[in-house]
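Welcome! Take a look at the protein shown here, then work through the exercises at your own pace, trying each task before you read its solution.

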Amino acid sequence: MRKIIHCDCDCFYAAVEMRDNPSLRGIPLAVGGRADRRGVIATCSYEARAFGVRSAMATAKALKLCPQLKVISGNMARYREVSRQIMAIYRDYTELVEPLSLDEAYLDVSASNRCQGSATRIAEEIRQRVRDEVGICVSAGVAPNRFLAKIASDWNKPDGLCVIRPDQVEAFVRALPVEKLHGVGNKTAERLHRMGINTCDDLRARGNEALVQRFGRFGQRLWELAWGRDERPVQVNHERKSVSVEHTYPEDLENLSSCLSHLPALIDELEGRYSRLLRPARVCGAMVKVKFADFTQTTAEQALSGRGEPAAEALLFERLTQAAWLRGERPVRLLGVGFRLREADGEAPAEQLALF
Ligand SMILES: [Mg+2]
């Protein structure tokens, strides 16, 4: 039995803006294009939704529904950065993370041993950590497959967690309105309603053949979903090129020795993350990232031909930190350490590089 979590941030772009600018909280807020340039709403706060404003709606229409709506243009680079932080938290629990967009991902935690292997507790911990470490609210759904996990994450939104245990699937699916099924839009829902089909139970009663006759291949899909069946795997579509940890300090690190004193904790965390990689990966480089107080940043790297002695590795990270810090010689707000990776398959080993 698989354990799938679907994580979905609540009104993501708007949530990032509200996080960074408290004056935007508690008001109808939208991130989107300008009305006079035929822009559309990308995301809006729940205060705006109360007026009927929705994503993909023309900004001009949104402003008619809610004249006091504050529309801002948004900052994709920042959303990407926040998304990276959130996805990194997900990857602390499983390597099987499939991002669907900047704010949405499937996690297969079937083989995870975090939280005693409890998917529910993993989902709770992830929600808590993203709130504490990133300042963003994630709703999550836990279920034995993707289709149900996605429905579950939406069930108690915003700030919700919904768990569908294997023994609850049958009752949950039977009563599920057809509108909730992936691929059933307004048109299809109307068609189904005219046929007297409102729930998955009604779909079952209609029979597989009748559904295929009426809807073709999609009828077959409807039939599977009506029984709660969905075997699609969570797919990690890119090879991992690196593993890293970074930390933004509440107070800037004043000088190089202060940076060096924080290295051991970072290396420990990196070690933990490396050891949790699902597929064995060969280390082909080490890197240190330094972001200075003025937000300029630099990365120092060194090629490697595999893992070395812990003491030698620690020394290498120190040297890289020093090299990076000397490029700015200013207080540091963020420090990161990482390994570049190469898949551990039969390929020829990289040329041996003298390190020290
Ligand atoms: Mg979302």
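## Exercise 1: Two loop residues

Task: Is D159 buried or exposed? Then do the same for A56.

Step 1. D159 has 12 other C-beta atoms within 10 Å, so D159 is exposed. The cut-offs are these: a residue is buried if 20 or more other C-beta atoms lie within 10 Å of its own, exposed if 12 or fewer, and partly exposed in between, with C-beta atoms placed from the backbone.

Step 2. A56 counts as exposed because it has 9 C-beta neighbours inside 10 Å.

Before going on, two notes about what you are looking at. This is a predicted model, in which local features need pLDDT of at least 70 and side-chain atom pairs count only at pLDDT 80 or more, while totals for chains, interfaces and linings use all residues. Residues are numbered from 1 along each chain as its sequence is written.

Step 3. Now place both residues. D159 sits in the loop between α6 and β8, and A56 in the loop between α2 (46-49) and α3 (59-65). Helices (H or I, at least four residues) and strands (E, at least two) are DSSP runs, numbered from the N terminus.

Step 4. Look at the backbone. Most residues other than glycine have a negative phi, and most peptide bonds are trans. D159 is not a glycine, yet its phi is positive, about 50°. A56 is not a glycine either, and has a positive phi of about 75°.

Step 5. The peptide bond from K157 to P158 is cis, with omega near -5°. P158 is found in the loop between α6 (146-155) and β8 (161-163).

## Exercise 2: A covered strand

Task: How many residues of strand β7 are buried, and which strands pair with β7?

Step 1. Strand β7 covers residues 138-143, and six of its six residues are buried.

Step 2. Sort them by direction: V138, A140 and V142 point one way, while S139, G141 and A143 point the other way.

Step 3. Find the partners. Two strands pair if DSSP finds at least two bridges between them. Strand β1 (residues 4-9) runs antiparallel to β7, joined by six bridges, and I4 stands opposite A143. With β8, the pairing is parallel over three bridges, and A140 stands opposite L161.

## Exercise 3: A three-stranded sheet

Task: In what order do the strands β2, β3 and β4 lie?

Step 1. The order is β3-β2-β4, in an open sheet with mixed pairing.

Step 2. β3 (41-44) and β4 (70-72) stand at the edges with a single partner strand each, so one side of each has no neighbour in the sheet.

Step 3. Check the mixed pairing. β2 (residues 29-32) and β3 run antiparallel, with three bridges; A30 has C44 as its bridge partner, and V31 has T43. β2 and β4 pair in the parallel sense, over three bridges, with L29 opposite K70.

Step 4. Look at the faces of β2: L29 and V31 on one side, and A30 and G32 on the other, are all buried.

Step 5. Add the helix. α1 lies across β2, β3 and β4, at about 115° to β2 (axes are lines fitted to C-alpha atoms, for helices over the stretch in contact, and angles run from 0 to 180 degrees between N-to-C directions). Contact here has a cut-off: C-beta atoms, placed from the backbone, lie within 7 Å.

## Exercise 4: The cores

Task: How many residues does the largest nonpolar core have?

Step 1. A nonpolar core is a set of buried Ala, Val, Leu, Ile, Met, Phe, Trp, Tyr and Cys residues joined through C-beta atoms within 7 Å. The largest has 65 residues, and those with the most contacts inside it include I5, A30 and I126.

Step 2. Helix α1 (residues 12-20) gives the most to this core, with six residues.

Step 3. A second, separate core has 22 residues, among them V243 and C259.

## Exercise 5: Helix α12

Task: What span should helix α12 have?

Step 1. The expected span is 1.5 Å times one less than the number of residues. For the 20 residues of α12 (residues 256-275) this gives 28 Å, and the end C-alpha atoms are 29 Å apart, which agrees.

Step 2. C259, L266 and L270 are buried in α12.

Notes:
Two residues are in contact if their C-beta atoms, placed from the backbone, lie within 7 Å.
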